Structures are given as structure tokens and as C-alpha cells.
Amino acid sequence: MSRSYDRALTVFSPDGHLFQVEYALEAVRRGTCAVGVRGKSCVVLGVEKKSALQLQDPRTVRKVAMLDDHVMVAFAGLTADGRILIDKARIECQSHRLTVEDPVSIEYITKHVAGIQQRYTQSGGVRPFGISTLIVGFDPNDTIPRLFMTEPSGIYSAWKACSIGRASKTVREFLEKNYIEDLERDEAIKLAVKSLLEVVQTGAKNIEIAVSESYGVVTNLEQAEIEKIVAQIEAEKEAEAERKRARLAATQAGQASMFAGSVSGAATGTQTPAPAPGPAGATAPGEESGVQ
């Protein structure tokens, strides 16, 4: 039944679905993973990047882009759609500076990006953008880090920590278990890398980390720094696994000693002695002595 409704973007199915928008969400779920973590005085973007081919320039394969001096964006989904949406957002940032002589706030540019995505779900002859975005940064004259997410449907929302793309549900559950308020810079970076390692099997070479530390101050971590953090995380995991093995061995040894003690106690326990026989010719009480 759905086949007659998924060809036109502007037609709802009887159960209230816009199938083209749901297909765009599926394109996002098939994209590489991106993670945003908000700390006390910084906000971290971490992305899974695809391996560059042998003859390809790795500088041209990037999943994190600048919209303005103080606004960063990461996306998951169709890279070509992401490039077009980023260009539109950059034009709006410069137009805002020219019109009101002030840089954009993070929520303003997020709302603008979400508005573009929503317009492409309501017009004939177009298709939705097949990307979700994480937009981070600091507002002018403010020290509070901001983190927003947009979806192909045009929804946007603020987050403390969020993930999009491949295995985003698994990564989000990991963040829910491990996120704490007011993370310092190093802790926020480590949490972002840890969450990406839940889905990235190749280690540091396929991870890209960018940190916004204040208004207009953005740092891209070098590969050596990311490798050092990954090595530290792996060492912590190994130490935790060793502690678990030691606890398990101690528990098994305790159970074995308890079992051995109970067996030896049962083997050396005294049995109840049988009653001594009475004198010859004596009869037990109530027993008749006559010969039948």
C-alpha cells in the first residue's frame, strides 16, 4: 500500500507518514557517526571519517566544517547534500553580519538550517536533504557552550550530548550512561572518543575531533593527540578487564574453599551410636517373654 504514497513528497499516507522524509532519515542512519559533547567551558565534535584512498588527498575528506568564526557543524548522511546546506548556512551567516552588524547566535543559525530542511519537505519537485547536523559554538558575549541537532524533517533541539549517523542509538545509550555535568575539556574529549570507539573499529586513524573552547577559538586535534587518547582509553579498558578477572578468580576461589570445607566436614562428622544391647535374657519393655 505504501508504494502509492512514497513517490510524491507532498502526499501523506493514510497513517500520517511522509515516506520520503522517513527515507531521508534512513540515509542519515547509513551515514558515518558523529558525536557532540558539551562540557563546562567547551563543546566537542567527534566524527567517524572514512578511510582515504591511497591516491586521495585526505584534506578533502572532512566531516566537520566552519559556518562562521564561532560556529562549527558536523553532519551524517549524504555528503553532497551536506555541502549544499553548509554553503546556504554560510551565506546566511555573512548576510546577518552585513544586515545587523553582529554575528549570528548558535540557535539562530540552527533555526535557519532547520527551516531550509523543512521547506524541502513541503514542496513539489524536490526531495528532503538526506542529512542530520550537529551545530555547536558560543554565542557572542557569552561563555555558555551550545549544542544543537537538526533532522531532515526540519526538527531542531538542544542537547548536552548527542549522536547522529550509524549506530547512533548505541552511542546515545553509551553517552546517557557516562555523561556527567560540567565536564572539563580533557574529560569531554575523552568521552567523545570513547563513544566513537563503540562503533569505530579501526581506532584513531578514522576519528576526527574538533573543540570549540570559547567564542572564535576552535582547535582541531592532531592525529598524534587522538592516538594518545585512544591508547589511554585502551589501557584503562585493559586495566578494568584485569580487575574483573581478578575479582572473578577471587570469587571462584572463595566458592571452591567453601565447598571443600563443607565436604571435609561431612566426611569427618560423627555418626549417632547404636543403642547397646541389654543383658542376656532381658526383654524390652512391653515385650512378652512367653513362648508362642
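Contact here means heavy atoms within 4.5 Å. Helices (H or I, at least four residues) and strands (E, at least two) are DSSP runs, numbered from the N terminus. This is a predicted model, where local features need pLDDT of at least 70, side-chain atom pairs count only at pLDDT 80 or more, and totals for chains, interfaces and linings use all residues. Residues are numbered from 1 along each chain as its sequence is written, and side-chain values use heavy atoms, with hydrogens and water left out.

**Exercise 1. Find the residues where α4 meets α5, and describe how the two helices pack.**

Step 1: pick out the helices. α4 covers residues 168-178 and α5 covers residues 185-197.

Step 2: list the contact. Val171, Phe174, Leu175 and Asn178 of α4 touch Leu191, Lys194 and Ser195 of α5. Sorted by class, that gives four nonpolar, two polar and one charged residues (Ala, Val, Leu, Ile, Met, Phe, Trp, Tyr, Cys and Pro count as nonpolar, Asp, Glu, Lys and Arg as charged, and the others, Gly among them, as polar).

Step 3: add the geometry. The axes are 9 Å apart, at an angle of about 145° (axes are lines fitted to C-alpha atoms, for helices over the stretch in contact, and angles run from 0 to 180 degrees between N-to-C directions). The crossing is right-handed (the near helix is turned clockwise from the far one by less than a right angle; anticlockwise would be left-handed).

**Exercise 2. Work out the strand order of the sheet that holds β1, and place α4 and α5 on it.**

Step 1: read the order. It's an open sheet of five strands, β8-β1-β2-β9-β10, with antiparallel pairing (two strands pair if DSSP finds at least two bridges between them).

Step 2: look at the edges. β8 (161-164) and β10 (217-220) each have a single partner strand, so one side of each has no neighbour in the sheet. Neighbouring strands are turned by 15° against each other on average, direction ignored.

Step 3: zoom in on one pair. Five bridges join β1 (residues 34-38) to β2 (residues 43-48), and Ala34 sits opposite Val47 in β2.

Step 4: lay the helices on top. α4 lies across β1 and β8, at about 165° to β8, while α5 lies across β1, β2, β9 (207-214) and β10, at about 155° to β9.

**Exercise 3. Do the same for the sheet that holds β5, and name the helix lying across it.**

Step 1: the order is β3-β4-β5-β6-β7, an open, antiparallel sheet of five strands. The twist averages 25° from one strand to the next.

Step 2: β4 (residues 71-77) and β5 (residues 131-138) pair over seven bridges, with Gly77 partnered by Ile131 of β5.

Step 3: the helix is α3, which lies across β3, β4, β5, β6 (145-150) and β7.

**Exercise 4. Decide where to read this chain with care.**

Step 1: start with the whole chain. Mean pLDDT is 85, and 88% of the residues reach 70 or more (pLDDT is the predictor's confidence in each residue, from 0 to 100).

Step 2: find the extremes. Confidence is highest in α3, at 95, and lowest in helix α6 (residues 223-268), at a mean of 82.

Step 3: check residues 280-292. Their pLDDT stays under 50, and the model has one contact for them beyond four places in sequence. Where pLDDT is low, the predicted coordinates shouldn't be read in detail.
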